[in-house]
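Biologist: I should like to learn how to read the features of a structural model. Could we take them in turn?

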Amino acid sequence: YVRFHLISPLIQQSAENIVLFDTFVNILSHNLGEPAYEADVAQLEYKLVAGEHGLVIRVKGFNHKLPLLFQLIIDYLSDFTFTPAVFEMITEQLKKTYFNILIKPETLAKDVRLLILEHGRWSMIDKYQTLMNGLSIESLSSFVKAFKSQLFVEGLVQGNFTS
């Protein structure tokens, strides 16, 4: 089991940055779908999670091939590219996801409660309005570049690994 948390203070600076980060993580997951399929068949699992303060990369499975899968994820992260069609598809999916959160009373109540309790939190309504106002491909590219330049990393490795 390998878990790395790529933390960046840039994410929580604005609602737009949070939406750009969600878009980035979803596009990264989309890009990894085909190359990581063989790892999935070989019973290696990975998950990319857009946390509140950064990207969580979780990888688990047989230890002799785990570093290759982790390296694949890091390579796609460092050489992040996307097409305008993928950008449009992911932003449309995010609109639906945000809207579905807003129409469910229990998730909306949780969001409002966390907004009251946490300092500097952006509401789901802020995120949805930002997304509905439109994002540009250029803003995503500049956000990803800034995100990669301001990272702090925490890691945990468990299992049959040497130091």
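Biologist: Which elements cover the buried residues of helix 7?

Modeller: In this predicted model, contact means heavy atoms within 4.5 Å. By that criterion, the cover over the buried residues of helix 7 includes strand 1 (2–7), helix 1 (15–32), strand 3 (54–60) and helix 4 (84–103).

Biologist: Which residues of helix 7 are buried?

Modeller: A residue counts as buried under 20% relative accessible area and as exposed over 50%. In helix 7, the buried residues are Ser 139, Leu 140, Phe 143, Val 144 and Phe 147. They span an arc of only 135° around the axis, which places them on the same side of helix 7. Glu 138, Lys 145 and Ser 149, on the other side of helix 7, are exposed.

Biologist: How many residues does helix 7 have, and what span does it reach?

Modeller: The span is taken from the first C-alpha to the last and set against the value expected at 1.5 Å a residue. Helix 7 (residues 137–149) has 13 residues and reaches 19 Å, close to the expected 18 Å. Helix 1 can be read in the same manner: its 18 residues reach 26 Å, close to the 26 Å expected.

Biologist: How many of the 18 residues of helix 1 are buried?

Modeller: The count is 14 of the 18, so helix 1 is largely enclosed by the rest of the structure.

Biologist: Let us turn to charged side chains. How many salt bridges does the structure hold?

Modeller: Side chains of opposite charge can pair when their charged atoms come close. The cut-off applied here is 4 Å between a side-chain nitrogen of Lys or Arg and a carboxyl oxygen of Asp or Glu. The structure holds 5 salt bridges. In one of them, the side chains of Lys 60 and Glu 45 meet at 3.9 Å, N to O. This pair links distant parts of the chain, with Lys 60 in strand 3 and Glu 45 in strand 2, 15 residues apart.

Biologist: What separates the C-alpha atoms of Lys 60 and Glu 45, and which residues does Lys 60 touch?

Modeller: The C-alpha atoms of Lys 60 and Glu 45 are separated by 5.3 Å. Leaving aside residues up to four places away in sequence, Lys 60 touches Tyr 1, Gln 43, Leu 44, Glu 45 and Leu 66. Lys 60 counts as partly exposed, at 40% relative accessibility, and Glu 45 likewise counts as partly exposed, at 45%.

Biologist: Gln 43 appears among those contacts. What is the phi of Gln 43?

Modeller: Phi of Gln 43 is near 65°, a positive value in a residue other than glycine. Gln 43 is placed in the loop between helix 2 (37–41) and strand 2 (45–50). With a relative accessible area of 56%, Gln 43 is exposed.

Biologist: Where do Lys 95 and Glu 92 lie?

Modeller: Both belong to helix 4, where they are 3 residues apart, about one turn of the helix. Lys 95 forms a salt bridge with Glu 92, and the closest N and O atoms are 3.2 Å apart. Each residue is partly exposed: Lys 95 has a relative accessible area of 21%, and Glu 92 has one of 39%.

Biologist: Are Arg 121 and Asp 111 buried or exposed?

Modeller: Arg 121 is buried, with a relative accessible area of 19%, and Asp 111 is buried, with 7%. Their side chains meet in a salt bridge at 3.8 Å, N to O. The pair links distant parts of the chain, 10 residues apart: Arg 121 is in the loop between helix 5 and helix 6 (124–133), and Asp 111 is in helix 5.

Biologist: Which residues are linked with Asp 111 and Arg 121 in a network of salt bridges?

Modeller: The network joins Glu 52 and Glu 118 to Asp 111 and Arg 121.

Biologist: Finally, which residues form a nonpolar patch on the surface?

Modeller: Patch residues have over 30% relative accessible area and no salt bridge. Val 112, Ile 116 and Leu 117 form a nonpolar patch here, with about 330 Å² of accessible area together. Ile 116 lies in helix 5 (residues 105–117) and is exposed, with a relative accessible area of 67%.

Note on methods. Residues are numbered from 1 along each chain as its sequence is written. This is a predicted model: local features need pLDDT of at least 70, side-chain atom pairs count only at pLDDT 80 or more; totals for chains, interfaces and linings use all residues. Side-chain values use heavy atoms; hydrogens and water are left out. Patches are made of residues with over 30% relative accessible area and no salt bridge: like charges are joined within 9 Å, nonpolar side chains (Val, Leu, Ile, Met, Phe, Trp, Tyr) within 5 Å. Accessible areas come from the Shrake-Rupley method with a 1.4 Å probe; for residues, only the protein chains shown count as cover. Helices (H or I, at least four residues) and strands (E, at least two) are DSSP runs, numbered from the N terminus. Buried means under 20% relative accessible area, exposed over 50%, partly exposed in between (1.4 Å probe, protein chains only). The expected span of a helix is 1.5 Å times one less than its number of residues. The arc is that of the directions from the helix axis to the C-beta atoms.
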